[in-house]
Amino acid sequence: MSTGRLLRTLSCVSDEDSGTSWQSDGVFLQPAWDYLQHNHCDLLASPLFPVVLSISTYFLVVSLYTMLDLLAPTWPCINRYRLYPDTPVTWPDIWTTLGVTIYNHLLYIFPAAVAQWLWRPPVPLPCEAPTLCSFFLGIFACMIVFDSQYYLWHLLHHRVPWLYHMFHAVHHRYHQPFSLVTQYMSGWELFSVGFWTTIDPLLLQCHCLTTWGFMVLNIYISTEDHCGYDFPWSMNNVVPFGLWGGAPKHDAHHRRPNTHFAPFFSHWDWLGGTDTPPTPPIRSRGASRDERERKLKRFK
């Protein structure tokens, strides 16, 4: 056992002796948290862990959706849920978006992660897990804050032509999103999203377990928004009263860029007048992706 782990273990024992107990309000998450601390303490305390967690989560989720994209043309049970069932995702699309994603990670994420690993000390882990209530409320609060930040950022980058063409236009080269388009973006946009995802839990003083939960959920939702599928279990079909945007509305944003700027919820688009009634994607069987892109430009 390392010296750091021994000190954290002694600290936990001291807290328990002084009367701190988790049985009453941390009973659901505490056993799992104890297991993680006991078996993976050094990994969880490393400043590299959030980066590894985010990257691995993103590529796992994207891989699953990409498999669906490749199977969809021959599997009607999958293709029926695609927003563009007549236009399959091709290998050139996959390689292009994957290439930009890897380029951004190598050029921006990797150096930032190395710098953080060299200059930032290991993060002290709390002995107690968050209560189940604070865990979910913390994630919800982070989502509300992030949703507001990104709505303003997104709106600004569409309203100011220089910002749009300099930073955000890359993401809009695809008018028919699929999962790998999620991080098909400029380095500035990737940095902005990553910065808010990291800083919001700190500002709200969330438990590290809550922070990691928010990071994973944020990545999943962002990928689902771009996935190009409208499954019955998608968030926009689970959350009632049209409070959630989801893939259909974000697809509409890529077809009509002056609408649907919020990444998660719908309230800012309602208040800002940027919400529009959903319209079905243009479908013409047998049309190529290039032909479809030309048709979609008419709706800008």
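Which residues does Thr274 touch, not counting residues up to four places away in sequence? The legends below take this up in the second view, after a look at the whole chain; the model is a predicted one.

**View 1. The whole predicted chain is built from helices.** The secondary structure of the protein chain comes to 13 helices and zero strands. Read from the N terminus on, its elements run α-α-α-α-α-α-α-α-α-α-α-α-α. Buried residues account for 46% of the 300 residues in the chain. Take the contacts between residues at least 6 apart in sequence: 71% of them join residues at least 24 apart.

**View 2. Thr274 sits buried in a loop with neighbours from several parts of the chain listed around it.** Here is the reply to the opening question: Thr274 touches Tyr151, Arg159, Asn258, Thr259, His260, Phe261, Trp268 and Asp269, leaving aside residues up to four places away in sequence. You will find Thr274 in the loop between H12 and helix H13 (289-296). Its relative accessible area is 4%, so Thr274 counts as buried, the cut-off being under 20%.

**View 3. Asn258 and His260 share a loop but not a degree of exposure.** Asn258 lies in the loop between helix H11 (246-255) and helix H12 (267-272), and His260 is in the loop between H11 and H12 too. With a relative accessible area of 49%, Asn258 is partly exposed, whereas His260, at 3%, is buried. Once residues up to four places away in sequence are set aside, Asn258 touches Arg159 and Thr274. Asn258 and Arg159 are 99 residues apart in sequence, yet their C-alpha atoms are 8.6 Å apart in space. Have a look at the backbone of His260 as well: its phi is positive, about 55 degrees, although His260 is not a glycine.

**View 4. Gln205 is an exposed loop residue with a positive phi.** Phi of Gln205 is near 55 degrees, a positive value in a residue other than glycine. Gln205 lies in the loop between helix H8 (187-203) and H9. Its relative accessible area is 72%, which is over 50%, and therefore Gln205 counts as exposed.

**View 5. H8 and H9 pack as a roughly antiparallel pair.** The axes of H8 and H9 come within 10 Å and cross at roughly 150 degrees. Because that angle is over 145 degrees, H8 is roughly antiparallel to H9. The crossing of H8 past H9 is right-handed. H8 brings Thr197, Thr198 and Pro201 to the contact, and H9 brings Thr211, Phe214, Met215 and Asn218. By type, the residues of this contact divide into three nonpolar, four polar and no charged.

**View 6. H3 and H9 pack as a roughly parallel pair.** The axes of H3 and H9 come within 10 Å, crossing at roughly 30 degrees. That angle is under 35 degrees, so H3 is roughly parallel to H9. H3, too, passes H9 in a right-handed crossing. On the H3 side the contact is made by Phe49, Pro50, Leu53, Ser54, Thr57, Tyr58, Val61, Val62 and Tyr65. On the H9 side it is made by Trp212, Met215, Val216, Ile219, Tyr220, Thr223 and Glu224. The residues of this contact divide into twelve nonpolar, three polar and one charged.

**View 7. The largest nonpolar core has 27 residues.** Look for Trp33, Leu125, Met143, Trp212 and Phe264, the members that touch the most other members of this core. Helix H2 (30-45), helix H3 (49-71), helix H6 (132-159) and helix H9 (208-226) are the elements that give two or more residues to it. The largest share, seven residues, comes from H6. Apart from this core lies another, of twelve residues, among them Val89, Leu180, Val181 and Tyr184. In soluble globular proteins, nonpolar side chains tend to be buried together.

**View 8. Trp244 is a buried loop residue in contact with Phe264.** Trp244 is found in the loop between helix H10 (235-238) and H11. Its relative accessible area is 4%, so Trp244 is buried. Not counting residues up to four places away in sequence, Trp244 touches Met143, Ile221, Asp225, Met235, Asn236, Val239, Phe264, Phe265 and Ser266. Trp244 and Phe264 are 20 residues apart in sequence and 6.0 Å apart in space, C-alpha to C-alpha.

Key
Residues are numbered from 1 along each chain as its sequence is written. This is a predicted model: local features need pLDDT of at least 70, side-chain atom pairs count only at pLDDT 80 or more; totals for chains, interfaces and linings use all residues. Side-chain values use heavy atoms; hydrogens and water are left out. A nonpolar core is a set of buried Ala, Val, Leu, Ile, Met, Phe, Trp, Tyr and Cys residues joined through side-chain atoms within 4.5 Å. Buried means under 20% relative accessible area, exposed over 50%, partly exposed in between (1.4 Å probe, protein chains only). Helices (H or I, at least four residues) and strands (E, at least two) are DSSP runs, numbered from the N terminus. Axes are lines fitted to C-alpha atoms, for helices over the stretch in contact, and angles run from 0 to 180 degrees between N-to-C directions. Angles under 35 degrees count as roughly parallel, over 145 as roughly antiparallel, 65 to 115 as roughly perpendicular and the rest as oblique. A crossing is left-handed if the near helix is turned anticlockwise from the far one by less than a right angle, and right-handed if clockwise. Contact means heavy atoms within 4.5 Å. Ala, Val, Leu, Ile, Met, Phe, Trp, Tyr, Cys and Pro count as nonpolar, Asp, Glu, Lys and Arg as charged, and the others, Gly among them, as polar.
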